[in-house]
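Biologist: I am new to this structure. Please show me how to read its features.

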Amino acid sequence: MTVTLGSLSEQTGLAVLDHLERSVSIPVVDGLQAQGDLIVIPYSVIASSVRLWPTAVWTSVPSEGVELLRGAAGGNPHTLVAEPGTCRWTTTMTDADGLAIGAFDASAVVYLLHPEHGATGCAPGTYVVRRQREREGQRARLVAD
């Protein structure tokens, strides 16, 4: 089934800005992907620097989604949305770089939805969600979306 930005927005009740084309199909990726100030990395790629705790508390992603991060100054949220019973989420982890927000484990395609950026799909699997950082001269700073 093809999911469009419009159908996902309608299904979740999460609005997207008017400049986005609602009829576009949402791409589904099983690899690294970025959305503004977030980056989603397959756990297998980053497992050497991130540790999911064996005692981690995993929470099912509800139909209205889980807000992962809100943009700078209370801006637009990045929301993880999934069909009920297909995705769980935890923040119980350690990241050597201190960038991880959490991790999710999906048994079906899930989506990251953002009012300004639109949506991207993640194939089933386990992923780590991290903040992105960028270099400014010798300093690194978090990307502020």
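Modeller: Start with one pair: the side chains of Arg-141 and Glu-136 meet in a salt bridge, 2.6 Å from N to O. A salt bridge here is a side-chain nitrogen of Lys or Arg within 4 Å of a carboxyl oxygen of Asp or Glu. This is a predicted model, in which local features need pLDDT of at least 70 and side-chain atom pairs count only at pLDDT 80 or more, while totals for chains, interfaces and linings use all residues. Residues are numbered from 1 along each chain as its sequence is written, and side-chain values use heavy atoms, with hydrogens and water left out.

Biologist: Are Arg-141 and Glu-136 buried or exposed?

Modeller: Buried means under 20% relative accessible area, exposed over 50%, and partly exposed in between (1.4 Å probe, protein chains only). Arg-141 is partly exposed at 40%, and Glu-136 is partly exposed at 42%.

Biologist: Which residues are joined into one network by salt bridges that share partners?

Modeller: Asp-95, Asp-97 and Arg-130 are. Within it, Arg-130 bridges to Asp-97, with the closest N and O atoms 3.0 Å apart. Arg-130 is in strand 13 and Asp-97 in the loop between strand 9 (93-95) and strand 10, 33 residues apart. Strands (E, at least two residues) are DSSP runs, numbered from the N terminus. Arg-130 is buried at 8% relative accessible area, whereas Asp-97 is partly exposed at 38%.

Biologist: How many salt bridges does the rule give?

Modeller: The count is seven. One of them pairs Asp-105 with Arg-88, at 3.5 Å from N to O. Asp-105 belongs to strand 10 and Arg-88 to strand 8, so this pair ties together parts 17 residues apart in sequence. Asp-105 is partly exposed at 24% relative accessibility, and so is Arg-88 at 36%.

Biologist: What about the nonpolar core?

Modeller: A nonpolar core is a set of buried Ala, Val, Leu, Ile, Met, Phe, Trp, Tyr and Cys residues joined through side-chain atoms within 4.5 Å. The largest one has 19 residues, and those with the most contacts inside it include Leu-68, Trp-89 and Phe-104. Among the elements giving two or more residues to this core are strand 6 (66-70), strand 8 (87-90) and strand 10 (100-106). A second, separate core of ten residues includes Val-16, Ile-26, Val-81 and Tyr-111.

Biologist: Which residues is Trp-89 in contact with, leaving aside its neighbours within four places in sequence?

Modeller: Contact means heavy atoms within 4.5 Å. The partners of Trp-89 include Trp-58, Leu-68, Leu-80, Phe-104 and Val-129.

Methods. Helix = DSSP H or I, 4+ residues; strand = E, 2+ residues; numbered from the N terminus.
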